[in-house]
Every structure is written in structure tokens, then in C-alpha cells.
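I opened this entry to record what I looked up in the structure, item by item. The overall form comes before the individual side chains.

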Amino acid sequence: MNGKNKRITIATIIGGLFLFTVLVFGTMWIGQRASRDTEVAVHSVSLLYMNELAGRREEVVSENLRRSISDIQSAL
């Protein structure tokens, strides 16, 4: 191998290692970011669901209370 081919080979190996490193760390970073974003989305949906359940439960309790008050007033 002459000097020029040797330099090209070394540059190719270094470039390949650099690209490999960027791909590996980029993939890890994107994976962690996606995981974190998924957790935030699930948390938001869970809060929305819990608020909806609480609202419906509030309506049921309120209706039962109104019925009970009406029954008590009728009894009096």
C-alpha cells in the first residue's frame, strides 16, 4: 500500500467509527426522549381520565343527595 491509499483507509475507518458513534448515541438519545415524552403523555391522559371520573362521581353523589333531601322534606 502506498501512502495515499493508507491515508484514505485510515480516514475511512475514522469516518466510519465517527458515524457509528453518532448513530449509537443518537439512537440512545432519541429512545430516552421518546420514553420521557410517552410518560408525560400517559400522565396527562391519566389526569384527564381521573378528572372525568371525579366529575361523573360528583354528579352521581349530587343527584343522590338531592333525592335524599327531597325524601326528607316529603317525610317532614
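**Entry 1. Overall dimensions.** I worked from a predicted model. I looked up the radius of gyration and found 33 Å for the chain, whereas a compact globule of 76 residues would have a value near 11 Å. I then took the box filled by the C-alpha atoms along the principal axes, which is roughly 110 × 10 × 10 Å. For secondary structure I noted 1 helix and 0 strands in the chain. Helix 1 covers residues 3-75.

**Entry 2. Distances along the chain.** I checked two pairs of residues for their separation in space. Phenylalanine 20 and isoleucine 69 are 49 residues apart in sequence, and their C-alpha atoms are 73 Å apart. Valine 60 and leucine 17 are 43 residues apart along the chain, with 64 Å between their C-alpha atoms. I placed valine 60 in helix 1 and recorded phenylalanine 20 in helix 1 as well.

**Entry 3. Burial and surface.** I asked what percentage of the 76 residues counts as buried. The figure is 0%. The accessible surface of the chain comes to about 7100 Å², and carbon and sulfur atoms account for 66% of that surface. As an individual case I looked up valine 60, which counts as partly exposed because its relative accessibility is 40%, and buried would require a value under 20%.

**Entry 4. A nonpolar patch.** Which residues make the nonpolar surface patch of about 400 Å²? I listed Phe20, Val24, Phe25 and Met28. I then examined two of these residues separately. Phenylalanine 20 has a relative accessible area of 54% and is therefore classed as exposed, the cut-off for that class being over 50%. Methionine 28 lies in helix 1 and, at 44% relative accessibility, is classed as partly exposed.

**Entry 5. Charges.** I counted the charges of the chain as 9 positive and 7 negative, and their mean positions lie 27 Å apart. I next turned to contacts between opposite charges and found that the structure holds 4 salt bridges.

**Entry 6. Arginine 33 and aspartate 37.** I recorded a salt bridge between the side chains of arginine 33 and aspartate 37, at 3.8 Å from N to O. Why are these two residues separated by about one helical turn? Arginine 33 and aspartate 37 are so placed because they are 4 residues apart in helix 1. I noted both partners as partly exposed: arginine 33 has a relative accessible area of 39%, and aspartate 37 has 42%.

**Entry 7. Glutamate 52 and arginine 56.** I found a salt bridge between glutamate 52 and arginine 56, with the closest N and O atoms 3.2 Å apart. These residues are 4 apart in helix 1, so about one helical turn separates glutamate 52 from arginine 56. I asked whether arginine 56 is buried or exposed. Arginine 56 is exposed, at a relative accessible area of 51%, whereas glutamate 52 counts as partly exposed at 43%.

**Entry 8. Glutamate 63 and arginine 67.** I looked up the salt bridge of arginine 67 with glutamate 63, whose closest N and O atoms are 3.9 Å apart. The cut-off is 4 Å. Arginine 67 and glutamate 63 are 4 residues apart in helix 1, which means a separation of about one helical turn. I recorded arginine 67 as partly exposed, with a relative accessible area of 46%, and glutamate 63 as partly exposed, with 34%. I then asked which residues are joined into one network by salt bridges that share partners. The network consists of Glu63, Arg66 and Arg67.

**Entry 9. Summary for the file.** I closed with the chief findings. The chain has 1 helix and 0 strands, and 0% of its residues count as buried. The nonpolar patch includes Phe20 and Met28, and the structure holds 4 salt bridges.

Conventions. Residues numbered from 1 in each chain as written. Predicted model: local features only at pLDDT ≥ 70, side-chain atom pairs only at ≥ 80, totals over all residues. Heavy atoms only, no water. Patch = residues over 30% accessible without salt bridge, like charges linked within 9 Å, V, L, I, M, F, W, Y side chains within 5 Å. Areas by Shrake-Rupley, 256 points an atom, 1.4 Å probe, with all protein chains shown as cover. Buried < 20%, exposed > 50% of the residue type's maximum accessible area, 1.4 Å probe, protein only. Rg over C-alpha atoms; globule rule 2.2 N^0.38 Å. Lys, Arg positive; Asp, Glu negative; His and termini not counted. Charge placed at Lys NZ, Arg CZ, Asp CG, Glu CD.
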